[in-house]
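The exercises below are to be worked with the sequence and the model side by side. Each task is followed by a solution in steps.

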Amino acid sequence: MANFTKYILAVAIAVLLIPFLVLTNYTYTGELKSNINASEVYKIRSFHSKDGIGKFYMGREIAKVMGHQEMLWLERPSRESQEQPSVVIDALNLRPTDTVADIGAGTGYFSFRIAPLVPEGKVLAVDIQPEMIDVIDFLTEDNNVNNVETILGSLTDPKLP
């Protein structure tokens, strides 16, 4: 009878937990991982977002490597509240004539927010994925932005002028 009770309890937990994991975009790896880095800034957790690797830096999960197929994630509405990119951009103290390199520009999320701040300068949007460069080129033309220049870099060279 005790085994039957344990079985029912396990099934009940699974029935309740699995939909929670799916609906909240979390996953459970099923294995305990030790802290790879003795430093307090890195933590490894078994319970984590399915979009992350389960390793956390200063409380924030490190995302999986992303290809162009997931580019819309870069443009998600919650990004401002989660990452506060406007605070980052303000901290740059940009001048109107500055030239800025956006390395790993992706969809140009930062490039297009920086461009109006350097109207006499330019933004060099560098990425290694041609698909991302195509997106930035399209948005540059579609939005009539004249100071964002795309550069197709490589794994070892951003190919900056």
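A polar contact is a pair of N or O atoms within 3.5 Å; within protein, one atom must be able to donate a hydrogen and the other to accept it, and residues adjacent in sequence count only if both atoms are side-chain atoms. The model is predicted, so local features need pLDDT of at least 70 and side-chain atom pairs count only at pLDDT 80 or more, while totals for chains, interfaces and linings use all residues. Residues are numbered from 1 along each chain as its sequence is written, and side-chain values use heavy atoms, with hydrogens and water left out.

**Exercise 1. Polar contacts of D127 and H48**

Find which backbone nitrogen the side chain of D127 reaches, and which side chain H48 contacts.

Solution.
- Step 1: locate D127, which belongs to strand β7 (residues 122-127); strands (E, at least two residues) and helices (H or I, at least four) are DSSP runs, numbered from the N terminus.
- Step 2: the side chain of D127 comes to 3.4 Å from the backbone nitrogen of A105.
- Step 3: D127 has a relative accessible area of 8% and is therefore buried; buried means under 20%, exposed over 50%, and partly exposed in between (1.4 Å probe, protein chains only).
- Step 4: H48 sits in strand β3 (residues 47-49), and its side chain makes a polar contact of 3.2 Å with the side chain of E61.
- Step 5: H48 is also buried, because its relative accessibility is 5%.

**Exercise 2. Overall layout**

State how many helices and strands the protein has, and in which pattern they follow along the sequence.

Solution.
- Step 1: the count is 5 helices and 8 strands.
- Step 2: along the sequence they read α-β-β-β-β-β-α-α-β-α-β-α-β.
- Step 3: 27% of the 161 residues count as buried.

**Exercise 3. Salt bridges**

List the salt bridges in the whole structure and classify the exposure of R95, D98, K122 and E149.

Solution.
- Step 1: apply the criterion, a side-chain nitrogen of Lys or Arg within 4 Å of a carboxyl oxygen of Asp or Glu.
- Step 2: the search finds 2 salt bridges.
- Step 3: one joins R95 and D98, with the closest N and O atoms 3.1 Å apart. R95 is exposed, because its relative accessibility is 54%, whereas D98, at 14%, is buried.
- Step 4: K122 pairs with E149, the closest N and O atoms being 3.6 Å apart. This pair links distant parts of the chain, since K122 is in strand β7 and E149 in strand β8 (residues 148-152), 27 residues apart.
- Step 5: K122, at 32% relative accessible area, is partly exposed, and E149, at 35%, is partly exposed.

**Exercise 4. Backbone angles of N93 and K159**

What is the sign of phi at N93 and at K159?

Solution.
- Step 1: most residues other than glycine have a negative phi.
- Step 2: phi of N93 is near 50°, a positive value. N93 lies in the loop between α3 (85-91) and β6 (99-103) and, at 61% relative accessibility, is exposed.
- Step 3: phi of K159 is near 60°, again a positive value. K159 is in the segment after β8 and, at 46% relative accessibility, is partly exposed.

**Exercise 5. L74 and G106**

Determine where L74 lies and the C-alpha separation between L74 and G106.

Solution.
- Step 1: L74 is in the loop between β5 (60-63) and α2 (79-83).
- Step 2: the C-alpha atoms of L74 and G106 are separated by 7.7 Å, with their positions 32 residues apart along the chain.
- Step 3: L74 is buried, because its relative accessibility is 12%.
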